[in-house]
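Visitor: Please pick one part of this protein and take me through it slowly. I would like to know what surrounds it and how the neighbouring pieces are put together.

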Amino acid sequence: MDTGFTVEQLRAAATDAVRAPSLHNTQPWRFRLRDGGIEVLVDPARRLPATDPNGWGVRIACGAALFNLRISLAAAGAPATVRLRPYPAEPDVVARLVPDVPRRPTPAEQALHAAIPRRFSNRAPFWPDPVPADARWRLAEAARAEHCWLELLIGVSAVNAFAEIARSAHRVLERDPAYVAERQEWVRSAPAPDGVPVASGGPLGEPQDLLPSRGFGGLDRAPGRDFEPEPLVVVLGSPGNTAVDQVVAGQALQRVLLTATDSGLAVSMLSQPIEVPSARERLRLSLGRFGTPQMVMRIGYGQPGWPTPRRDVDEVLDLFSFQPQVDMKYC
């Protein structure tokens, strides 16, 4: 077994990791090389105290970045063994990766890795074409592979019931001035390395919309370009809701998103019913599932959207240790 990752491997993997999604595109992660292992850390300066007071969104985002790291390393023939929340005294260290036995990447790993630069949220209306059964099965299997579940809301009644929960949660959030002000701080009308550009914010919400829109500025929609009346809505959930469960859910979310991208599907995320505790509980009860909903997605086919910007990879690296050392815990 190799004794550790190199700076070059860290930089290459982190270049893929930063393409993960995050609330308001805050990119709340850092990556550190220590004792030959790559560590994923929360960036405390990029927390959202009004939107994400308990750190759920940060852990989901860091879990998604962790999945990109795993796939990037595997695609390079250097797969990793992962330990989540490895240091009780350092809760901001989300995960530690150490080298596993080198091997050739699988076709599935290569496909997921190729999807990383092509994945981004699409907040525009989708086409009416239904998502076929085999693609739906692939999405559910992607969540299951990461020890989570994916519930597909099928039929008008199920989607309408969810829409009522989502709109209610959206109204609760919009009544909070701190929440609204914090969101506006991350809307970008000029080029920036983070935040949500107006062009990526989707069309402005209108009264006839079934599902709520976040309100990142947006653009006027073209005539006849209303949102689909019967969208495919899926709920991603985890067995529990501990900090580790949320990191696991972030990894599952990214596998689902990359699987959707590989299938030619567009995805937008709806986190309002997750951010409001009472709405999340209503959603859980409506599904009748064991565990905790962690993210909701609208999935379909649509025109290409716009990727949101990312910070330069060197801004998120902490090269704590340049000399790989044997980590006896993993021998």
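**The largest pocket and its surroundings**

Guide: Helix H2 gives four residues to the lining of the largest pocket, the largest share of that lining. The model is a predicted one, in which local features need pLDDT of at least 70 and side-chain atom pairs pLDDT 80 or more, while totals for chains, interfaces and linings use all residues. Residues are numbered from 1 along each chain as its sequence is written, and side-chain values use heavy atoms, without hydrogens or water.

The volume of this pocket is about 720 Å³. (A pocket is an open set of points on a 1 Å grid where a 1.4 Å probe fits, with protein on both sides within 12 Å along at least five of seven lines; lining residues have an atom within 4 Å of a point.) The lining is made up of 43 residues, and those nearest the centre are Arg-123, Arg-214, Phe-216, Ser-268 and Met-269. By type, 20 residues of the lining are nonpolar, 16 are polar and seven are charged. (Asp, Glu, Lys and Arg count as charged.)

Three elements each supply at least two residues of the lining: H2 (56-75), strand E9 (266-270) and strand E10 (292-300). (Helices have at least four residues and strands at least two.) We can follow each of them outwards.

Start with H2. This helix packs on a sheet, where it touches strand E1 (29-34), E2, E3 and E4, and its direction makes about 160° with that of E2. The sheet is open, has five strands in the order E3-E4-E2-E1-E11, and is mixed in its pairing. Strand E3 (80-84) and strand E11 (317-318) are the edge strands, each pairing on one side only. Inside the sheet, strand E2 (residues 37-42) and strand E4 (residues 93-99) run antiparallel and are joined by four bridges. One of the partnerships sets Ile-38 against Leu-97 in E4. (Strands pair if there are at least two bridges between them.)

E9 and E10 belong to another open sheet, with four strands in the order E5-E8-E10-E9 and antiparallel pairing. Strand E5 (149-153) and E9 each have a single partner strand, so each has one side without a neighbour in the sheet. On average, neighbouring strands here are turned by 30° against each other, direction ignored. E9 and E10 run antiparallel and are joined by five bridges; Leu-270 has Val-296 in E10 as its bridge partner.

Two helices lie against this second sheet. Helix H7 (residues 243-262) touches E8, E9 and E10, and its direction makes about 10° with that of E10. H5 lies across E5, strand E8 (232-238), E9 and E10, and runs at about 110° to E5. (Angles run from 0 to 180 degrees.)

H5 also has a helix partner. The axes of helix H5 (residues 156-174) and helix H9 (residues 277-287) come within 10 Å and cross at roughly 170°. H5 and H9 are therefore roughly antiparallel to each other (the term applies to angles over 145 degrees). From H5, the contact involves Phe-162, Glu-164, Ile-165, Ser-168 and Ala-169, and from H9 it involves Ala-279, Arg-282, Leu-283 and Ser-286. (Contact means heavy atoms within 4.5 Å.) Five of the residues in this contact are nonpolar, two are polar and two are charged.

Notes
Angles under 35 degrees count as roughly parallel, over 145 as roughly antiparallel, 65 to 115 as roughly perpendicular and the rest as oblique. Grid points are joined across faces, edges and corners, and a volume is the space filled by probe spheres set on the points.
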